[in-house]
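User: I'm new to this structure and would love a close look at one part of it, the surroundings of the ligand. Could you walk me through that part and then through a few other details?

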Amino acid sequence: MGLLVVGSIGLDDIQTPFDKIENALGGSTTYISLAASYFTAPVSIVGVVGDDFSKNHIQMLEDHHIDIEGLQIIEGGKTFRYGCKYNYDLNNRESLFTHLNVFEKFNPIIPEKNKKDKFVLLGNIAPQLQMNVLDQLNEPRFIVCDTMNFWIDGAFDDLMKVLKRVHVLIINDSEARLLSKEPNLIKAAKIITDMGPKYLIIKKGEHGALLFGDNTIFSAPAYPMENIYDPTGAGDAFAGGFTGYLHKNLELSFDNMKRAVIYGSIMASFCVEKFSTKGLENLSWLEIKNRFIEFQNLSSFD
Ligand code: AMP
């Protein structure tokens, strides 16, 4: 019983006040699956790239024991490309371009062996495609979903249909306000969980994350970071760490979800320390565990 991840795989051009990089590995599925791979196996991905996508990237994913049977490589096609720029406020980015390329006609085809996967993480893609994925699956037990402003504004009705079927929605604070049309996050959470998801996670960038569900709220601290080089993929790394941890021990209690939120925050913190996916490529379990202890020390008091 594996963890299935569906979303974008692409090449990013990223500018920050410290550096810039072109043609770097990116995409929601990439960050999610790398982060999850430190906790559990098999992690299977479904996505699409063109034949310009480097074999080294595919090898790197395979080196993390990520199953790529569901990766479609389109002959003569160009890989999805995204460009963005950050100023000193690294919480906000300006998108410079989005070239959908082969992603425009993406039709997620779930390999036969993955139709029975019980854990599914729907990365940030069109709600219609997320629905298409769910329709191909055989009663998944736990569905985690990400989305963004673009779909809340542009595909609200489809998104509502998806939300009725998912167990956890992970969004950031501005998306929560937009989705609920409510400025107060506590009230917003009530409105959003009434839309379907049993649990809601609201990420607040450098201010941590909130987990809502079971009539309880858990407030996770943010890891105090001195060196943030590239925030791209932090949200996806969070989702991958959160879901990967839950898939590892298959326990879906609120207490275990609290731990999963911390592991999500840990993977996001590693992600932003280096450009592109580099911060997630060479971690050891000891580094992850040590950061968990740092998180515990950060906010424990009598
Ligand atoms: P995050 O920083 O967690 O929002 O994720 C960043 C990744 O999302 C980048 O690596 C991009 O390649 C990818 N991305 C950006 N825009 C889109 C989009 N419209 N659809 C799918 N993936 C995208």
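How far does a polar side-chain atom of S8 lie from a nitrogen atom of the ligand?

Analyst: Happy to help! A word on the basis first: this is a predicted model, in which local features need pLDDT of at least 70 and side-chain atom pairs count only at pLDDT 80 or more, while totals for chains, interfaces and linings use all residues. Residues are numbered from 1 along each chain as its sequence is written, and side-chain values use heavy atoms, with hydrogens and water left out.

Now to your question: the distance from a polar side-chain atom of S8 to a nitrogen atom of the ligand is 2.8 Å. That is a polar contact, meaning a pair of N or O atoms within 3.5 Å (within protein, one must be able to donate a hydrogen and the other to accept it, and residues adjacent in sequence count only if both atoms are side-chain atoms). D12 has an N or O side-chain atom 2.5 Å from an oxygen atom of the ligand, and for R93 a polar side-chain atom is 2.9 Å from a ligand oxygen atom. On its own the ligand has 510 Å² of accessible area, and the protein covers 87% of this (areas come from the Shrake-Rupley method with a 1.4 Å probe; for residues, only the protein chains shown count as cover).

Two elements, β6 (80-86) and α8 (234-249), give two or more residues to the shell around the ligand. Helices (H or I, at least four residues) and strands (E, at least two) are DSSP runs, numbered from the N terminus. The largest share, three residues, comes from α8. There are 15 residues around the ligand, and S8, D12, G27, G233 and D236 come nearest; a residue counts as near if one of its heavy atoms lies within 4 Å of the molecule or strand in question. By type, the shell holds five nonpolar, seven polar and three charged residues. Here Ala, Val, Leu, Ile, Met, Phe, Trp, Tyr, Cys and Pro count as nonpolar, Asp, Glu, Lys and Arg as charged, and the others, Gly among them, as polar.

Beyond the ligand, the backbone has some details to look at. A41 and P42 are joined by a cis peptide bond, with omega about -5°, and P42 sits in the loop between α1 (28-37) and β4 (43-50). N23, in strand β3 (residues 20-26), is not a glycine, yet has a positive phi of about 65°. S276, also not a glycine, has a positive phi of about 55° and is found in the loop between α9 (254-271) and α10 (285-299).
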